[in-house]
Amino acid sequence: MKDTNKHQGLRNQLVKQLQDKGITDVNVLEAIRKIPRHLFLNSSFEDFAYQDKAFPIGAGQTISQPYTVAFQSQLLEVKKGDNVLEIGTGSGYQTAVLVTMGAKVYSVERQNELFKSTSLLLPKLNIRPKYLSFGDGYKGLPQFAPFDSIIVTAGAPIIPQPLMAQLKIGGRLVIPLGDKEQIMTLLIRKNETQFEKHEFGEFRFVPLLENKN
């Protein structure tokens, strides 16, 4: 579990790249500057960990490219102490970014293999989400709702109704919508029944699957 000056230098370069691509949220950039992304990857990818690319992490899943992580995190507008629901824990890298930004993170992963490995990894890095859960992300975590914001890290054909219901009024839901290509979508809950929708161009994600544990 080594994190060296060389890794830190590569992270600084990555942060510069993300700024050049339009990421402006200082909290997001500082989290990415701090977190040793190479420790979330198979060691054979270590030399590439700070390139702005997605990599396989097992169970047919990927760790999103840093730009995507930064972009979604920036859309959430996380404030310290916010309760954030994350659908798709995956490698735990996005979880780590949100925790480092000061969020209380509740995360759901449907791949048991990833759930187990990430549950062991995060405490070793001193990253402590409020709750990690093995289950169906479509259902969210109603027992901890409502959430200040919700982030979905897999492509969804529709916005799951339970997630909309678990969002606070004024809360933000960030989800990639679509089948093969996804449109990054932000919903802001205006009141009990109304949501304001914003779209932010195409991204690629692995699919969000329902009832597939």
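This passage looks at the overall build of the protein and then at its nonpolar cores.

The model is predicted, so local features need pLDDT of at least 70 and side-chain atom pairs count only at pLDDT 80 or more, while totals for chains, interfaces and linings use all residues. Residues are numbered from 1 along each chain as its sequence is written, and side-chain values use heavy atoms, with hydrogens and water left out.

The protein holds six helices and nine strands, which are DSSP runs numbered from the N terminus (helices H or I, at least four residues; strands E, at least two). Its C-alpha trace spans about 50 × 35 × 35 Å along the principal axes. Of the 213 residues, 53% are buried, that is, under 20% relative accessible area with a 1.4 Å probe and protein chains only.

Turning to the interior, the largest nonpolar core has 45 residues. Such a core is a set of buried Ala, Val, Leu, Ile, Met, Phe, Trp, Tyr and Cys residues joined through side-chain atoms within 4.5 Å. The members that touch the most others are L18, I23, I32, F40, Y93, V97 and L98. Elements giving two or more residues to this core include α1 (5-20), α2 (26-34), β1 (55-58) and β8 (182-189), and α3 gives the most, with six residues.

L18 offers a closer view of the packing. Leaving aside neighbours within four places in sequence, L18 is in contact (heavy atoms within 4.5 Å) with I23, L29, I32, D52, P66, Y67 and A70. A second, separate core of 20 residues includes L85, Y106, L141 and F147.

Methods:
Buried means under 20% relative accessible area, exposed over 50%, partly exposed in between (1.4 Å probe, protein chains only).
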